[in-house]
Amino acid sequence: MALGLTTAGESHGPALTAIVTGLPAGLRLEKDAIDADLRRRQQGYGRSPRQKLESDEVEVLSGLRHGVTLGTPLTLVVRNRDHANWTWGMSPWRPEGEPAGKGTKPVTLPRPGHADLAGILKYAHEDVRNALERASARHTAVHVAAGAVAKALLRELGIDVAGRPVEVGGETSEEGMRAATDAARNDRDTLGGIVEVVATGAPPGLGSYAEKGDRLDARLALALMGIQAVKGVEIGDGFALARRRGTEAHDEIYPGLERRTNHAGGIEGGVSNGEPILVRAAMKPLPTLMRPLDSVDLATGEPAKALVERSDVQAVEALAVVAEAAIAFELARAALDKLGGDAMVDVLAARDAYLARIGDTWHPHAS
Ligand code: EPS
């Protein structure tokens, strides 16, 4: 059974939920490790005051007993503490009593760059809130929880995945990124940036060239492009390869199947080649602006300024954690596609048999 993930939940609703299916039985999970990733996602320079309200923590409702997976659907829940301020406005049922708290008035001022306008047109909503609540990047919290589960599985297979920000507002040094964030905050503006995720220890043979949907690079690109605000994805040297000659673009093969370069980012023909897997994602500046752009009031059809709501100045460090989780989940899916197994013991036996078969020719790098 393929590894699957379904998520649900609104930004200011009661909770976010993820159901992970197809996990082998016998995988040990640590609550602390999942919570540590949830905390990492909440941190970062330029985050919204909302992060002071939330203190994300995972709850498990099914699929786990005494910290070990059962091979049944795993339900992960992250509650929204802020929901306490929205109990009327985001009540799942028809609210009782007088309107109180946040979210009581319809939002009619769509923000350029957000899902607001497309969302209400698509779903026939009148209140933009009905679109923005799910489109919000808040729900990446539960994707990070699912990614932490995937990382536990990958660790058993000797695969490590790590994400980091490499650029914020065009700046690449730590100080530059902070200064750019401070400057944008002072100007009541927002920034985007670039994150990089590196996976080491993946064996050759994950993914396939047989169909385009099987290609590992296509799957990783989907995993990253599906994250809020991501507008570009690059594998290995990506766009720079287009400007090189073939003799300078490819990674030559030496005895022991050694490579001295990794322009391909660890993937050739849609299949992992045993080198570190290297991907990058570009994030646009966040579309919720304190200095709002021109829009139209949907209630009157008249020109107006877009909705102003509390938001982040930039969330690139958060994206690094979310992208790491997305890549981990996709690599875990690809690894289970290759190795199969209802039980971890079977997955590990299949891994050992596979590595024994290719071991005469392929030797993992120390990197
Ligand atoms: C978000 C807007 C802000 C962010 C939120 C994503 O939320 P709020 O409108 O409640 O201040 O803080 O991100 C999170 C809450 C989170 O946990 O990442 C948006 O519009 O996407």
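**View 1. Asp-35, a buried residue of helix 1 in this predicted model.** Asp-35 has a relative accessible area of 7% and is therefore classed as buried, where buried means under 20% relative accessible area, exposed over 50% and partly exposed in between, for a 1.4 Å probe and protein chains only. The residue belongs to helix 1, which covers residues 31–42; helices (H or I, at least four residues) and strands (E, at least two) are DSSP runs, numbered from the N terminus. Its side chain makes a polar contact of 2.5 Å with the side chain of Lys-31, a polar contact being a pair of N or O atoms within 3.5 Å, of which, within protein, one must be able to donate a hydrogen and the other to accept it, while residues adjacent in sequence count only if both atoms are side-chain atoms. The model is predicted, so local features need pLDDT of at least 70 and side-chain atom pairs count only at pLDDT 80 or more, whereas totals for chains, interfaces and linings use all residues. Residues are numbered from 1 along each chain as its sequence is written, and side-chain values use heavy atoms, with hydrogens and water left out.

**View 2. Surroundings of the ligand.** Of the 13 residues around the ligand, those that come nearest are His-12, Arg-41, Arg-50, Arg-138 and Arg-310, a residue being near if one of its heavy atoms lies within 4 Å. Oxygen atoms of the ligand are approached by polar side-chain atoms of Arg-41, at 2.6 Å, and of Ser-48, at 3.4 Å. On its own the ligand has 470 Å² of accessible area, of which the protein covers 93%, with areas taken from the Shrake-Rupley method and a 1.4 Å probe.

**View 3. Ser-136, between helix 4 and helix 5.** Ser-136 lies in the loop that joins helix 4 (129–135) to helix 5 (140–156), and its relative accessibility of 16% is the reason that this residue counts as buried. An N or O atom in the side chain of Ser-136 is 3.3 Å from an oxygen atom of the ligand, and the side chain of Ser-136 also reaches the backbone nitrogen of Arg-138 at 2.9 Å.

**View 4. Two loop residues with positive phi, Ala-124 and Arg-188.** Most residues other than glycine have a negative phi. Ala-124, not a glycine, has a positive phi of about 60 degrees; the residue is found in the loop between helix 3 (116–123) and helix 4 and, at 68% relative accessibility, counts as exposed. Arg-188, also not a glycine, has a positive phi of about 55 degrees and lies in the loop between helix 6 (174–186) and strand 8 (193–200), where its relative accessible area of 45% makes Arg-188 partly exposed.
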